[in-house]
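Reader: I am new to this structure and would like a close look at one part of it, the salt bridges. Please start with a single pair, and then place these contacts within the rest of the chain.

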Amino acid sequence: MRGFKGFDKNWKCNGLQYEVSKTITHEGETKLFEKGLHFCENPLDVIRYYEPINSKFAEVDADSVNDQKSDDSKRVCGKITVSAEVKLSALIKAGVSWIMERAKKATSGDYAHSATSGNSAHS
């Protein structure tokens, strides 16, 4: 699964040293917010966990992703590979694209719903 991850300025997260093209593996059970390697599906959710100014960001490939989901898009997995560093501006752009893709899916197709309200509402 493709996602995004934040790190401190030295490419560390929870005591683990990451680098571009490197794969990190967690042995054992994974549990969201407790055990395993964490990442976010929505690029903008990453800045909830890492401040934009002093952090590094990357696009990652996650394997052995746990089915657990948080109230945002944070996920946990057993294996993660850092694909490429992503600058803050690219992270934001990717986040907007991620949101727009989901908005398109929600407003088109056989099961789409559109809701409006008020006296002059149109759907």
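Author: A good pair to begin with is Glu-101 and Lys-104, whose side chains meet in a salt bridge with 3.6 Å from N to O; the term stands for a side-chain nitrogen of Lys or Arg within 4 Å of a carboxyl oxygen of Asp or Glu. The model is a predicted one, in which local features need pLDDT of at least 70 and side-chain atom pairs count only at pLDDT 80 or more, while totals for chains, interfaces and linings use all residues. Residues are numbered from 1 along each chain as its sequence is written, and side-chain values use heavy atoms, with hydrogens and water left out.

Both partners of this pair belong to helix α1 (residues 88-106), and because they are three residues apart there, about one helical turn separates them. Glu-101 counts as partly exposed at 38% relative accessibility, and Lys-104 likewise counts as partly exposed, at 49%. Here buried means under 20% relative accessible area, exposed means over 50%, and partly exposed lies in between, with a 1.4 Å probe and protein chains only.

To see where that helix sits in the order of the chain, it helps to read along the sequence, where the pattern is β-β-β-β-β-β-β-α, that is, seven strands and one helix. These elements are DSSP runs numbered from the N terminus, helices being H or I over at least four residues and strands being E over at least two.

The structure holds nine salt bridges, and a second one, between Asp-72 and Arg-48, has 2.9 Å from N to O. This pair links distant parts of the chain, for its two residues are 24 residues apart, with Asp-72 in the loop between β6 (56-65) and β7 (74-85) and Arg-48 in the loop between β5 and β6. The surroundings of the two partners can be set side by side: Asp-72 counts as buried at 13% relative accessibility, whereas Arg-48 is exposed, with a relative accessible area of 54%.

A third salt bridge joins Lys-87 to Glu-85, and the closest N and O atoms of this pair are 3.4 Å apart. Lys-87 is exposed at 54% relative accessible area, while Glu-85 counts as partly exposed at 34%. Elsewhere, salt bridges link Arg-2, Glu-59 and Asp-61 in a network.

From these charged contacts we can turn to the interior. Of the 123 residues of the chain, 33% count as buried. In soluble globular proteins, nonpolar side chains tend to be buried together. The largest nonpolar core in this model has 20 residues, and those with the most contacts inside it are Phe-7, Tyr-18, Leu-37, Phe-39, Cys-77, Ile-80 and Val-82. Strands β1, β5, β6 and β7 each supply at least two residues of this core, and β6 gives the most, with four. Such a core is a set of buried Ala, Val, Leu, Ile, Met, Phe, Trp, Tyr and Cys residues joined through side-chain atoms within 4.5 Å.

Phe-7, one of those core residues, shows what such a neighbourhood looks like. Leaving aside residues up to four places away in sequence, Phe-7 touches Lys-12, Cys-13, Tyr-18, Tyr-50, Ser-55, Lys-56, Ala-58 and Val-82, where contact means heavy atoms within 4.5 Å. Over the whole chain, among contacts with a separation of 6 or more, 69% are between residues 24 or more positions apart.

The loops between the strands add some last details. Trp-11, found in the loop between β1 and β2 (12-13), has a positive phi of about 65° although it is not a glycine, and with a relative accessible area of 14% Trp-11 is buried. Ser-21, whose place is in the loop between β3 (16-17) and β4 (23-25), also has a positive phi without being a glycine, of about 75°, but Ser-21 counts as exposed at 60% relative accessibility. Between β2 and β3 lies the loop that holds Asn-14, a residue that is exposed with a relative accessible area of 71%. Although Asn-14 and His-38 are 24 residues apart along the chain, their C-alpha atoms are separated by 9.9 Å.
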